[in-house]
Amino acid sequence: MKATGVVRRIDDLGRLVIPKEIRKVHHIKEGDPLEIFTDKEGEIILKKYSPIGELTEFANTYADTISKTTGHIACITDKDTVIAVSGGQKKEFLEKSLSKELEEVIENKEVFKSKENNEIAIPITQNEGRERIYNSQVIYPIISDGDVIGSVILLSKEPYKKMGDVEDKVAQSAAGFLGNHLEI
């Protein structure tokens with residue numbers, strides 16, 4: 001665990017203010033759920049809560065099925081990281097932070113479809129760089145109870161593989177299914 005050197009007092013209602021710098025670095029926004037952990041030594045640990053993160057094993061199986069069905073790379077994300085990937089190198093995506101561009105697409109509940117080589121591609125992870133490495137991609141937000149909780153992404157690096165209506169519907173169905181599965 002890394003010490004920050006920041007000390008805060010708890011107010012009379014039991015609240016604690018997380019410093020702006022820490023919220024910014026860890027992408028914690030107003031209204032974000034935080035999970036609270038304690039250990040035997042008395043440490044209290046706050047972690048961003050990801051409802052879809054609890055389904056990691058299921059998401060991995062689902063990504064495998066999507067990838068085998070479409071022949072494309074399939075990624076499932078929460079709002080911050082890639083939690084499942086199939087059809088591509090896991091080390092390239094798995095548990096990597098999402099790019100700001102992808103976070104924005106997801107947060108705005110946008111559907112993104114890049115079907116041709118001359119269209120813009122959205123970088124998936126922060127360290128991806130600006131060069132275009134996907135021939136085509138489809139991104140669908142996962143929405144549960146009206147809130148965005150992640151995304152389903154199909155990617156193709158092969159120059160002649162294009163995303164069609166089938167890939168669009170598969171990604172849309174997967175996002176809808178995962179969103180419905182998490183509704184309370």
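These legends accompany an overview and several close-up views of a predicted model.

**Figure 1. The whole chain, with its five helices and seven strands.**
Let us start with the full picture before zooming in. Read from the N terminus, the elements follow the order α-β-β-α-β-β-α-α-β-β-β-α. The C-alpha trace spans about 60 × 35 × 30 Å along its principal axes. Of the 184 residues in the chain, 36% are buried. Contacts across the sequence are worth a look here too: among those between residues at least 6 apart, 50% join residues at least 24 apart.

**Figure 2. The surface of the chain and its charges.**
About 11600 Å² of the chain is exposed, and carbon and sulfur atoms supply 52% of that area. The chain carries 26 positive and 32 negative charges, and the mean positions of the two sets are 4 Å apart.

**Figure 3. Strand E6, residues 136-144, and its surroundings.**
Eight of the nine residues of E6 are buried, so the strand is largely enclosed by the rest of the structure. In a regular strand, side chains alternate between the two faces of the sheet. You can follow E6 to two pairing partners, E5 and E7. Strand E5, residues 112-114, runs antiparallel to E6 and is joined to it by three bridges. One place to find this pairing is Ser114, whose bridge partner in E6 is Gln137.

**Figure 4. The hairpin formed by E6 and E7.**
Here the view moves along E6 to its pairing with E7, residues 147-156. These two strands pair in the antiparallel sense over nine bridges. A handy landmark is Ile143, which stands opposite Val148 in E7. Two residues lie between the strands of the hairpin. Asp145, in the turn, has a positive phi of about 55 degrees.

**Figure 5. Thr70 in helix H2.**
Helix H2 covers residues 56-70, and Thr70 lies within it. Is Thr70 buried or exposed? Its relative accessible area is 12%, and Thr70 is therefore buried, the cut-off being under 20%. The side chain of Thr70 has two backbone atoms to look for: the oxygen of Ile66, reached at 2.9 Å, and the nitrogen of His72, reached at 3.2 Å. Setting aside neighbours within four places in sequence, Thr70 is in contact with Leu154, Glu167 and Val170. Leu154 also brings us back to the previous view, as strand E7 takes in residues 147-156.

**Figure 6. Glu95 in the loop between helices H3 and H4.**
Helix H3 (90-93) and helix H4 (100-107) flank the loop that holds Glu95. The phi of Glu95 is near 60 degrees, a positive value in a residue other than glycine. Glu95 has a relative accessible area of 67%, so this residue counts as exposed, for which the cut-off is over 50%.

**Figure 7. Lys109 in the loop between H4 and E5.**
This view picks up the chain in the loop that links H4 to E5. What is the phi of Lys109? The value is near 55 degrees, and it is positive although the residue is not glycine. Lys109 has 40% relative accessibility and counts as partly exposed. From this loop you can continue into strand E5, residues 112-114, and its bridges to E6.

Conventions. Residues numbered from 1 in each chain as written. Predicted model: local features only at pLDDT ≥ 70, side-chain atom pairs only at ≥ 80, totals over all residues. Heavy atoms only, no water. Buried < 20%, exposed > 50% of the residue type's maximum accessible area, 1.4 Å probe, protein only. Helix = DSSP H or I, 4+ residues; strand = E, 2+ residues; numbered from the N terminus. Pairing = 2+ DSSP bridges. Contact = heavy atoms within 4.5 Å. Areas by Shrake-Rupley, 256 points an atom, 1.4 Å probe, with all protein chains shown as cover. Lys, Arg positive; Asp, Glu negative; His and termini not counted. Charge placed at Lys NZ, Arg CZ, Asp CG, Glu CD. Polar contact = N/O pair within 3.5 Å; in protein donor to acceptor, adjacent residues only side chain to side chain.
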